[in-house]
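Here are some short exercises to help you find your way around a new structure. Keep the 3D view open and try each task before you read its solution.

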Amino acid sequence: MSNKLEKFIHDNREEFDSEEPRPQLWRKLKSELENEKKDDRVFHLSFLKWTAAAAVVIMMVGMFYYINKQQSKETIAGTTTTAQADDALAQIDPAYAKQVYHFTQLIELKQNELKQIEKEQPELYGQFVKDIRKLDSSYQSLRAQLPANPDPEVLLEAMIQNLRLQADLLNQQLMILKEIKQSKKDGHEKNTRSA
């Protein structure tokens, strides 16, 4: 059957070639082909955007992992340095070591007292902690330098001065809290009397 069809087409080829499609059909085909090319570009652009977004996410996860790894190494190294600093402190001057111990214990007690407002006033607590961390960061830096410092007495004085500043700051913060509590108490008593 296909041989007969082929023979018929071959014999009547000129009659088939005499008809041409309308010009509108060619324009329509041309516009459809152009749209397909545009859609193809959109696909490539969206694919590139998704690829770039995935690369950024992977990079961020990698950075997060790297930073956490570095921080854990610093914590371990900081613990070793702290132990070395404590030993160096006791060897340099036991009197300074006692002062440092006294101040660190006092600061720890005051920080625990301050921590009681964390749930009631998280913004204020956050600001207080931020202020203390700045001073503590300086103290930890001084403490880390102690074992290798050629003039430890000056460094010890600076450490004790820093601890005094921390204690004073905590005292001021606790006074602020007492004033806030007192004003709330006075306001509550005033409202109770009015009612």
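**Exercise 1. Find the nonpolar patch on the surface and place one of its members.**

Step 1: Look for Met59, Met63, Tyr66 and Ile67, which together make a nonpolar surface patch with about 430 Å² of accessible area. A patch here takes residues with over 30% relative accessible area and no salt bridge, joining nonpolar side chains (Val, Leu, Ile, Met, Phe, Trp, Tyr) within 5 Å and like charges within 9 Å. Areas come from the Shrake-Rupley method with a 1.4 Å probe, and for residues only the protein chains shown count as cover.

Step 2: Pick Ile67, and you'll find yourself in helix α3, residues 23–92.

Step 3: Check how open Ile67 is: its relative accessible area is 43%, so this residue is partly exposed. The cut-offs are under 20% for buried, over 50% for exposed, and partly exposed in between (1.4 Å probe, protein chains only).

A word on the ground rules: this is a predicted model, where local features need pLDDT of at least 70 and side-chain atom pairs count only at pLDDT 80 or more, while totals for chains, interfaces and linings use all residues. Residues are numbered from 1 along each chain as its sequence is written, and side-chain values use heavy atoms, leaving out hydrogens and water.

**Exercise 2. Describe the chain as a whole.**

Step 1: Count the elements: there are six helices and zero strands. These are DSSP runs numbered from the N terminus (helices: H or I, at least four residues; strands: E, at least two).

Step 2: Ask how much is tucked away: of the 195 residues, 18% are buried.

Step 3: Turn to the outside, where the chain has an accessible surface of about 15,800 Å², with 58% of it belonging to carbon and sulfur atoms.

**Exercise 3. Work out which helices build the largest nonpolar core.**

Step 1: Start with the size: the largest nonpolar core has 23 residues, and Leu114, Met159, Leu163 and Leu177 have the most contacts inside it. Such a core is a set of buried Ala, Val, Leu, Ile, Met, Phe, Trp, Tyr and Cys residues joined through side-chain atoms within 4.5 Å.

Step 2: Trace the suppliers: α4 (94–115), α5 (122–145) and α6 (152–194) each bring at least two residues to this core. The most come from α6, which gives ten.

Step 3: Zoom in on Leu177, which sits in helix α6. With a relative accessible area of 6%, Leu177 is buried. Its contacts (heavy atoms within 4.5 Å), leaving aside neighbours within four places in sequence, are Leu114, Ile117, Gln121, Leu124 and Phe128.

Step 4: Compare sequence with space: Leu177 and Ile117 are 60 residues apart along the chain, yet their C-alpha atoms are separated by 8.3 Å.

**Exercise 4. Check the length of α5 and look at its buried residues.**

Step 1: Take the 24 residues of α5 at 1.5 Å a residue, and you should expect a span of 34 Å. The rule is 1.5 Å times one less than the number of residues.

Step 2: Compare that with the model: the end C-alpha atoms of α5 are 34 Å apart, which agrees.

Step 3: List some buried residues of α5, including Tyr125, Phe128 and Val129.

**Exercise 5. Which residues form the salt bridge, and how open are they?**

Step 1: The structure holds one salt bridge. The term means a side-chain nitrogen of Lys or Arg within 4 Å of a carboxyl oxygen of Asp or Glu.

Step 2: The partners are Glu118 and Lys115, with their closest N and O atoms 3.5 Å apart.

Step 3: Glu118 has 33% relative accessibility, so Glu118 counts as partly exposed. Lys115, at 44%, is partly exposed too.
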